[in-house]
Amino acid sequence: METIRHEIDFAGRKLFFETGKFAKRALTSVVCGYGETIVLAVLTVSREKSKANYMPLLVDYREKLYAGGKIKGSRWMKREGRQTDGEILLSRVIDRSIRPMIDKNLRNDVAINIIPLSVDKENETEFPAFLASAMATLLSGLPFSGPLSITYIGLKNNKFIVNPTLEEKKENDMLLTLSTYKDKVVMVEFEGKEIPEEKIQEAMKFSFEQNAILDKFQEEFKERVNFSHSLELFLEEPKVSDEEKPDFTSEFEKIYATNVLNERDRMLSVLQKSLPEESTISVEELYFEFCRRKILNEKKRIGGRSVMEVRPLEIEVGILPRVHGSGHFRRGETEALTTCTLGSPGDAQFFERSDDEGQQRFFHFYNFPSYSVGETAPKKFLSRREIGHGALAEKALKNMIPEKSVFPYTIQLVTEILTSNGSTSQAATCGSTLALMDAGVPIKNPVAGIAVGLIQDPKDENNFVVLTDIQGEEDHLGDMDFKVGGTENGVTAIQMDTKLKGVSMKVIEEAFVHAKNARLHILSEMKKVISAPNKNLSQYAPRIEIIKIDPEKIRLIIGKGGETIQKITTEANVQIDIEDDGTLFVTSENEEGWKKANAMIQDIVYTPKIGDEFEGVVARVEAYGAFVDGEKTGGLIHVSKLGNNGEFVKHAGDVVKVGQKLKVKVAEIDDQGRVKLEKA
C-alpha cells in the first residue's frame, strides 16, 4: 500500500494523517501529527472468534520517553516498564469513546496499540492519539460508526481555547474533553475551578463546531485511502427469540419492589434455577429488559424511588483515632471509607513523561475489593477501573486543595469501597472531602459528587428518562453514566460515557439539572456533620514550619557533601526540604525537634547586625587587637576598645589571652562584611 498523507491547519497548528508507511502487517495503522507531536495507532483484529460474551476491545497507550528526547531517570532500571496511571487514563478515554461506536455483537478480538513517536513539549499526545485511533478504526472495515472526533477546550479570561498547549493548560480555569459523533455527545472528561453548568454547556457547543471540522477532515482522508480487507467478522446473533422468552412479569414485579440488592439477587437466582439446565435464557437480562420498560413507561425505579431522588445518606468523620483524618460516607448500599494522610513536601510523588516532569503533592487512591460486591475473588492487581475512579475523585478535589505556600503538606487520600451498589467513584469524592476537612486541610470549598443515568427508548431518542443517583442495576441496564463533582459554586469534575452512539444535548442539559440538585442536597447533609475544616491537625500528624533564608546561603545549610543538613536532621530528628528560592520546609514530629532544628539553622545563616551582643572566645591576639569567635559570628576588637573606662592599652596581649571569654557587641560592619567589635 502506498503512503497516503492528508493535512489541514487546525487551531493554528498543522494537523495531518498518514497511512501505508508503518506496521504493514496490521489491519490498519495511522500516524497523526499535531505540530511536531506525532503518534502512531495500530489496529489489529483476530481471525478467530473470541470466547468473550461481549465485544472484546483493548486500547493500549504506551508512553515513550525517547519521543521527547529523554532517558528514564531511574538509576537502576532504564527500560520503561508497566503502564503508568496517565497512560491508563488516556487509554480509557479512547476506549470509552470508540467502544460504543462498534457493533456490540462483534466477537472478533480488536486491539488498538498507540505509541508517541515525537513530542514537541507544546502539544500533548492525547489529541493526536485519539484521532489516530479513531481514524484507524474508521479505515478498518469494522462495523464502526464514524467519524468520531475530539477537542480539548480550555478557558482563560472567559475565552475558550482550542487544544491549549502544555503551558496554557497550567493556567486554565477549566479543561473540557469532548468526543462527538455527528450531533451527539459520546464521551466527556472535565476538570475546572468551580465552573457554572451553563458555561460548560456553552463550551460543549463550541466544541461541536471544532469537531465538525475534524469530521470533514477524517472523511476526506478515508476517501483517499479506499481501504478494504478480507477478514471474516463474527457477529453474534441473539440466542433467544422473543417467542421463546418465558413470562416472569409477576415475579419481576415483586423483585422490582424489593429494596435490598442481595435479596433481589437471591430472587433472580431462584428464577434462573427454575429453568432447565440446558436453557440459554438469562433471567437477569430478561429482568433488565423489564426494568427498562418499567422506568420508561411508569417513571418508577427499582425499589420505588422517584427519578430525582437520592438514596438515604449516612455521614461520619473522625472515626479512626490514629489516622490524620477520616470520612465515612454511605449512600443507600454504596459505602466508602476515606483516610487522609499528611506528609512532608519530600513525600510528593515524582512523575516523568515525554513532555513534562515534576512532583504531585496531592493524590487519591481508590480500592475496590471483591467483598464490596459480596464475592471472594483474590486481589491480584490494580484494575484500570480503580485507577480511573481514583483519578476522577482526585480531579474533583484538585482545585480545592490549598497552595503549598499556605499548606505545605503532601496530602494522600485512600478510599476503601466497603460496599458497592452504584456510583462508588462519587461516594469516594464525598468521603475524600470529609477526610480532608477532618484532617484540618483548609480546602477552599467542600466537594460532593453524584452519578446520573439514562434510559432511552431505542426507537425514539426523544423518549427518555434521566435518573439521579443510579444504583448498580441501573448502571448496567442503562444507557449513560454521567458523573459530576463540584461545590456549591460550580462544577470541578465530570466523567461521562454512554452505551449509545452518543446522546443529545437535550439529555446532557437535563442531566446537569439532576446532578446539581443532588450535589447541593448532599453538600447540605455533609455540612450538618462538618461545616468547615478542623482548625487543628491531628496530634499524630507531622508539623511543618517554613523558614525563609537568603538563597545564597542554601549551600551553607547543605554543607560539604550534605554534611551539615545531615547533622541537623539527625540531631533534631526532622526532615528538611529546600527550594531554590530559599524556602525551607522543616517537618518534625514534635515542637522540641522543630525548635532545635530552627536554632541550628539560624546559627548557620545568621547575619550580624550592629548592636548584636554575644559571648565569644579570644581566638588570636595581635598587637593591634584580638580576634573573638562566637557561636554565630566573630570579629576583631581593636586594641583601642580593650581598655577599661577608656584606659590606653599599648598591646592587646597585655589585657586578654587566647581562650579567654569576652562579652562583646557588634560595633561596625565594613563594606567587605568584616565585623568590628567592642566590649559589651
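This report describes the overall form of a predicted model and the surroundings of three of its residues.

**Overall form**

The chain contains 14 helices and 29 strands. Its radius of gyration is 33 Å, whereas the globule rule gives 26 Å for 680 residues; the chain is therefore more spread out than a compact globule. The extent of the C-alpha trace along the principal axes of the chain is about 125 × 60 × 45 Å.

Buried residues make up 52% of the 680 residues of the chain. The accessible surface amounts to about 32,800 Å², and carbon and sulfur atoms account for 48% of that area. When contacts between residues at least 6 apart in sequence are considered, 69% of them join residues at least 24 apart. The chain carries 92 positive and 106 negative charges, and the mean positions of these two sets are 3 Å apart.

**Three residues**

The table lists the relative accessibility of three residues.

| Residue | Relative accessibility | Class |
|---|---|---|
| D670 | 18% | buried |
| K676 | 38% | partly exposed |
| T165 | 12% | buried |

D670 is found in the loop that connects β28 (661-669) with β29 (675-679). Its relative accessible area of 18% falls under the 20% cut-off, so D670 is classed as buried. The side chain of D670 takes part in a polar contact of 2.7 Å with the side chain of R674. In addition, a polar atom of the D670 side chain lies 2.9 Å from the backbone nitrogen of Q672.

K676 belongs to strand β29. With 38% relative accessibility, a value between the cut-offs of 20% and 50%, K676 is classed as partly exposed. Apart from neighbours within four places in sequence, the residues in contact with K676 are L636, K665, V666, A667 and E668. The C-alpha atom of K676 is separated by 9.4 Å from that of F627, a residue 49 positions away along the chain.

T165 occupies the loop between β8 (159-162) and α3 (166-171). Its relative accessibility of 12% is under the 20% cut-off, and T165 therefore counts as buried. If residues up to four places away in sequence are set aside, T165 touches R13 and E122.

**Summary**

In this predicted model, the chain is more spread out than a compact globule, and 52% of its residues count as buried. D670 lies in a loop and its side chain has a polar contact with that of R674, K676 is placed in strand β29, and T165 lies in a loop where it touches R13 and E122.

Note on methods: Residues are numbered from 1 along each chain as its sequence is written. This is a predicted model: local features need pLDDT of at least 70, side-chain atom pairs count only at pLDDT 80 or more; totals for chains, interfaces and linings use all residues. Side-chain values use heavy atoms; hydrogens and water are left out. Helices (H or I, at least four residues) and strands (E, at least two) are DSSP runs, numbered from the N terminus. The radius of gyration is taken over C-alpha atoms; the globule rule is 2.2 Å times the number of residues to the power 0.38. Buried means under 20% relative accessible area, exposed over 50%, partly exposed in between (1.4 Å probe, protein chains only). Contact means heavy atoms within 4.5 Å. Accessible areas come from the Shrake-Rupley method with a 1.4 Å probe; for residues, only the protein chains shown count as cover. Lys and Arg count as positive and Asp and Glu as negative; His and the chain ends are not counted. The place of a charge is taken as NZ of Lys, CZ of Arg, CG of Asp or CD of Glu. A polar contact is a pair of N or O atoms within 3.5 Å; within protein, one must be able to donate a hydrogen and the other to accept it, and residues adjacent in sequence count only if both atoms are side-chain atoms.
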